[in-house]
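Trainee: Could you pick one part of this model and take me through it closely? I would like to see how its pieces fit together.

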Amino acid sequence: VWENCLKIIKDNVSPVSFKTWFEPIVPVKLENNVLTIQVPSPFFYEYLEEQYIDILRKTLRKELGPEAKLEYSVIVENNGYNDGAPFTVKFPTQNKTELKNKPVSVQAVQETPIKNPFIIPGIKKLNVDPQLNPEYNFANFVEGSCNKLARSAGITISQAPGKTAFNPLFIYGGSGLGKTHLAQAIGIEVKRLFPEKIVLYVNAVKFQTQFVDAYFKHNNINDFLHFYQSIDVLILDDVHEFAGKEKTQDAFFHIFNHLHQTGKQLILTSDQAPADLQGLEKRLLSRFKWGLSAELTVPDFETRVAILKKKVYNDGIVVPNDVLEFIASNINQNIRELEGALISMLAQSTLNGKQLTVELASELIEKLVKSTKKDITIDYIQKVVCEYFGLPLEVLSAKTRKREIVQARQIAMYFSKSLTKASLSTIGSMIGNKDHATVLHACKTVNNLMETDKRFRAQVEDIQKKLKYNS
Ligand code: ADP
Ligand code: MG
């Protein structure tokens, strides 16, 4: 029966898909119209269910009649998280999530050797460059109350990656507060303690680019998935960049599941807490909350000074303490800018051949603080508003009455009026090519809604924070 099924399936899927997803299947038994097939991993089962359930169902009914049923016997890798016995799930499945968590029945271990497409021979020995910056280690990461929880969770994880309750570790916080540094420090420490482990740091934007490349270059998608599923510690930086990118989110969802199920460590960073992330699928967000979410906040004065001291010490430069304290008291929202200020002052003092004193520092600081503040522009407002709602930028100028888009456009107009000096007609012409009356109406609508609709008000205030924070 299975042979016949395979013939039909072969004609209906691409050769690569057939090889990857159907050849490894082992038919186990056929009883009362119930066919049991064995698949190499829980991920494999999930993927079949998601991508090929229709063709499987049709084929089976063709062969066995309308009463046909399919059962899976799933091989679970023994990784200390389960007893290594395959479990069986039944078809047609009603509620997948439930099935995944609660296997319907447990079967005896199958003897049949099977080909597992996820264990590519030799891949464990493959040298994956972890893409880590050696400077971003724990020794260079100054501890403060702003990062205490995240840092200690990170240290715990590096000593037993994948084996703690902190999986995934979700690090979130504003720009320049140390997310990338801390996430990389964990990777570096894992490599130091367990050199054989495959660690990979990847930024979400890069991941997306790789995925899109794989997706369009005919069926490289399996290579892409295989590669990511071979990682022991995966660090995905700036996951908020996935907003609105559904296919990428899907791919990551599968990778996440596979890694998590096989006891591999995931570390994610984001500019917002999982609960506040816009434009990401619910099923991803719920997984992000499985482990530990730890926030990085703005460092206090002592920590800022300690960071500057560490920096000059590492670079072998001598800078008087009062200068460091002066810088630390003036730049207090962003560690990247804090370091940037120090570097730029050092450069200036070298250029001018002057000692870096508090006087010189105070001469320079004003220019610096000003130059790090971006002007808020209408373009920037549109970008932030769209990002917030997970909408592509173009929709603001689309001719549509869709409520969410109309509202996003109104909010963008409202902020353009309140935060820039542009006239109503300029704003209108830049946002959706509307006239000044439309902009005026938008401002009124937003003001009214802010008074009557709490949720709306919270959204507008969130966006305002983003606009101010990033500028
Ligand atoms: P984010 O990823 O949150 O935007 P980064 O990790 O890139 O921030 O950090 C910005 C800069 O601040 C980096 O140069 C980093 O080394 C430094 N930095 C952040 N946190 C600390 C810390 N606790 N101790 C020392 N340096 C830090
Ligand atoms: Mg970063």
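Mentor: Happily; here is a walk through the surroundings of ligand 1 and two helices that contribute to them.

This is a predicted model, in which local features need pLDDT of at least 70 and side-chain atom pairs count only at pLDDT 80 or more, while totals for chains, interfaces and linings use all residues. Residues are numbered from 1 along each chain as its sequence is written, and chains are lettered from A and ligands numbered from 1 in the order in which they are written.

Let's start at the ligand. Around ligand 1 there are 15 residues, and Val 142, Gly 178, Lys 179, Thr 180 and His 181 come nearest (a residue is near if its C-beta atom, placed from the backbone, lies within 6 Å). By class, this shell has five nonpolar, seven polar and three charged residues (Ala, Val, Leu, Ile, Met, Phe, Trp, Tyr, Cys and Pro are nonpolar, Asp, Glu, Lys and Arg charged, and the others, Gly among them, polar). Ligand 1 lies between domain 2 (148–295) and domain 3 (301–372), because both give residues to its shell; the bounds come from an automatic or database domain assignment. At least two shell residues come from each of α7 (179–193) and α14 (335–352) (helices are DSSP runs of H or I with at least four residues, strands E runs with at least two, numbered from the N terminus).

Now for α7. Of its 15 residues, 11 are buried, so α7 is largely enclosed by the rest of the structure (buried means 20 or more other C-beta atoms within 10 Å of its own, exposed 12 or fewer, partly exposed in between, with C-beta atoms placed from the backbone). Lys 179 and His 181 are among those buried residues. Ser 175, in the loop between β6 (169–172) and α7, is partly exposed, with 14 other C-beta atoms within 10 Å. In space Ser 175 is 6.9 Å from Asn 334, C-alpha to C-alpha, although 159 residues separate them in sequence.

That brings us to α14. Its buried residues are Ile 335, Leu 338, Ala 341, Leu 342 and Met 345. They cover an arc of only 120° around the axis, which puts them on the same side of α14 (the arc is that of the directions from the helix axis to the C-beta atoms). Ile 343, Ala 347, Thr 350 and Leu 351 are exposed on the other side. Just after α14, Gly 353 takes a positive phi of about 60°.
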